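Colleague: Please take a close look at a single part of this model, and set that part in the context of the whole before you come to its details. I would prefer one connected account to a list.

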Amino acid sequence: MNRQELIQQIKAKQSFLCVGLDTDLQKIPSHLHGAKDPIFEFNKEIIDQTADFAVAYKPNIAFYEALGPRGWESLAKTLEYIPKDIFTIADAKRGDIGNTSGLYAKAFFETMDFDSITVAPYMGVDSVGPFLEYAGKWVILLALTSNEGSHDFQVTTLQNGKPLYQEVLEKSSQWGSPDNMMYVVGATRGEKIGAVRKIVPDHFFLVPGVGAQGGSLQEVAKYGMNKNCGLLVNSSRGIIYAGKDKDFGKAARQEAKILQAEMADLLALYSEL
Ligand SMILES: O=C(O)c1cc(=O)[nH]c(=O)n1[C@@H]1O[C@H](COP(=O)(O)O)[C@@H](O)[C@H]1O
């Protein structure tokens, strides 16, 4: 999916919601456990109930690969089931020496047909480049993450006086463009989201951390939105585990609907969409 199609979808749905498919066998309702593929049955219901409010789905690959071959199968079926006009993110946080990254890219862009993949910047340009060689696909590079440990390295001041995350943004924004790169910026980072926006005014941000991690959607929009929205805000547990019984799909729908309504207001306030 290209940038214009993504922006059009945000405008049409008045939403920049990404639903995180962090589907955990321990957490899904017990009535699904008898199904042939409980993970897929759960995801199918979540997708059915949220597709009109979501512009993106983000399966976190760890939840699938932890289950071995059957997890990969559930993932492939889920990807196939997601409506084709909705953006898909393989949250895999990959990145390795060039020839290995090339095979990660092949895994998620050819063997599976994801629109995008999350990538760690640590190994530098040759570890990210192979993902950018795929026309029509996106790299979503970790910049300023939502977790506590992000303080360990990402905000450390370098000898040139810049925090590491700033160096990552400035350098990596020359590797690709706002048409094939996005950045992960955690919802819990508050005003720092504004600092990131100044460095990369046009790139989309994938913003996890609202819902279960306590980030504020209002702050994210205030500091991070640009005229084309420029945001995909993810919620995983806050949506998919909103309900615990047979009505889990309806509970998820309700949560997604609440977020979409807030997003429509924020789009009116801060964007041109
Ligand atoms: O790349 C990510 O998506 C990510 C980056 C980050 O900084 N923080 C973060 O929470 N995530 C992912 O976003 C999701 C957040 O899930 P919830 O906290 O349940 O909404 C998980 O799949 C995380 O792995």
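**The annotated domain and its surroundings**

Modeller: UniProt, in an unreviewed entry, lists residues 16-252 as "domain: Orotidine 5'-phosphate decarboxylase", and what follows describes a predicted model. Within that span, 38% is helix and 19% is strand, and the end C-alpha atoms are 16 Å apart. The protein as a whole has 12 helices and 8 strands, and its C-alpha trace extends over about 55 × 45 × 35 Å along the principal axes. Its radius of gyration is 18 Å, which agrees with the value near 19 Å that a compact globule of 273 residues would have. Of the 273 residues, 47% are buried; and when contacts between residues at least 6 apart in sequence are considered, 71% of them join residues at least 24 apart.

The unreviewed entry in UniProt also lists K93 under "active site", and this residue belongs to strand β3, which runs over residues 87-94. K93 counts as partly exposed because 16 other C-beta atoms lie within 10 Å, whereas 20 or more would be needed for a residue to be called buried. Once neighbours within four places in sequence are set aside, the contacts of K93 are with T118, A120 and L142.

Turning to the ligand, 20 residues surround it, and T145, S146, P208, S236 and R237 are the closest. The elements that contribute two or more residues to this shell are strand β8 (231-235) and helix α11 (237-240). By class, the shell consists of 14 polar, 3 nonpolar and 3 charged residues.

Both of these elements also bear on helix α12, since β8 and α11 are among the elements that cover its buried residues. Helix α12 covers residues 248-270, and its end C-alpha atoms are 33 Å apart, which agrees with the 33 Å that 23 residues should span at 1.5 Å a residue. The buried positions in α12 are F248, G249, A252, R253, E255, A256, L259, M263, L266 and L267, a set that includes the charged residues R253 and E255. Besides β8 and α11, the cover over these buried residues includes strands β1 (17-21) and β2 (54-59), together with helices α2 (38-50) and α10 (217-224). Strand β8 and helix α11 thus appear in two settings, giving residues to the shell around the ligand and covering buried residues of α12.

Definitions and conventions: Residues numbered from 1 in each chain as written. Predicted model: local features only at pLDDT ≥ 70, side-chain atom pairs only at ≥ 80, totals over all residues. Near = placed C-beta within 6 Å. Helix = DSSP H or I, 4+ residues; strand = E, 2+ residues; numbered from the N terminus. Rg over C-alpha atoms; globule rule 2.2 N^0.38 Å. Buried ≥ 20, exposed ≤ 12 C-beta atoms within 10 Å, placed from the backbone. Contact = placed C-beta atoms within 7 Å. Expected span 1.5 Å × (residues − 1). UniProt positions renumbered as here; feature names shortened; annotations may be inferred.
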